[in-house]
Amino acid sequence: MSATEEPTMTEAEQIQQFRDFLISYNKLSERCFRDCVHDFTVRHVRDKEDRCALNCMEKYMKMNQRISQRFQEFQILSNENAIAAAKKAGSLPL
């Protein structure tokens, strides 16, 4: 496929993807903030709060990556099963 034939995302799809990213980012930020920041009597972020927020984000990113990986594995398996079923039914050439 040449560069001119490659499918491109429409502006609406790009905007939706950016919105989805912002929603996810805001949920993560809010969750980690609620779980890690408890002392509002000082102006700076304490080391304990900073470590907690970093760990929270790292766990979230690893979890998200693992879910995406499992989803891809499931999709591949599902596609293989659909192809096998279609071949067995005779609608696809072997």
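This briefing covers the fold elements, surface, largest pocket and aromatic pairs of the structure above. The model is a predicted one. The protein has 94 residues, of which 7% count as buried. Its secondary structure comprises two helices and zero strands.

**Surface**

- The exposed area of the protein is about 8,800 Å².
- Carbon and sulfur atoms supply 57% of that exposed area.

**Largest pocket**

- The largest pocket holds about 260 Å³ of space.
- Its lining is made up of 16 residues, and those closest to the pocket centre are Phe 33, Val 37, Val 45, Glu 49 and Ala 53.
- Two elements each give two or more residues to this lining, namely helix H1 (11-36) and helix H2 (47-89).
- Helix H1 makes the greatest contribution to the lining, with six residues.
- Sorted by class, the lining contains eleven nonpolar, two polar and three charged residues.

**Aromatic pairs in helix H1**

- The protein contains three aromatic pairs.
- In one of them, the ring centres of Phe 21 and Tyr 25 lie 6.1 Å apart with 25° between the planes; the pair counts as stacked because this angle is under 30 degrees.
- Both Phe 21 and Tyr 25 belong to helix H1, where they are four residues apart, about one turn of the helix.
- Phe 21 has a relative accessibility of 48% and therefore counts as partly exposed, since that class lies between the 20% and 50% cut-offs.
- Tyr 25, at 45% relative accessibility, likewise counts as partly exposed.
- Ring pairs join Phe 18, Phe 21 and Tyr 25 into a cluster.

**The pair of Phe 33 and Phe 40**

- Phe 33 and Phe 40 also form an aromatic pair, with 6.0 Å from centre to centre.
- The planes of these two rings stand at 45°, and the pair is tilted, because an angle that is neither under 30 nor over 60 degrees falls in that class.
- Phe 33, which is among the residues closest to the centre of the largest pocket, is partly exposed, with a relative accessible area of 43%.
- Phe 40 has a relative accessible area of 58% and is therefore exposed, as the cut-off for that class is over 50%.

Terms used:
Residues numbered from 1 in each chain as written. Predicted model: local features only at pLDDT ≥ 70, side-chain atom pairs only at ≥ 80, totals over all residues. Heavy atoms only, no water. 1 Å grid on protein atoms, 1.4 Å probe; cavity = no way out; pocket = protein on both sides within 12 Å on 5 of 7 lines; lining within 4 Å. Points joined across faces, edges and corners; volume = space filled by probe spheres on them. Nonpolar A, V, L, I, M, F, W, Y, C, P; charged D, E, K, R; others polar. Buried < 20%, exposed > 50% of the residue type's maximum accessible area, 1.4 Å probe, protein only. Areas by Shrake-Rupley, 256 points an atom, 1.4 Å probe, with all protein chains shown as cover. Phe/Tyr/Trp six-rings, centres within 6.5 Å; stacked < 30°, edge-to-face > 60°.
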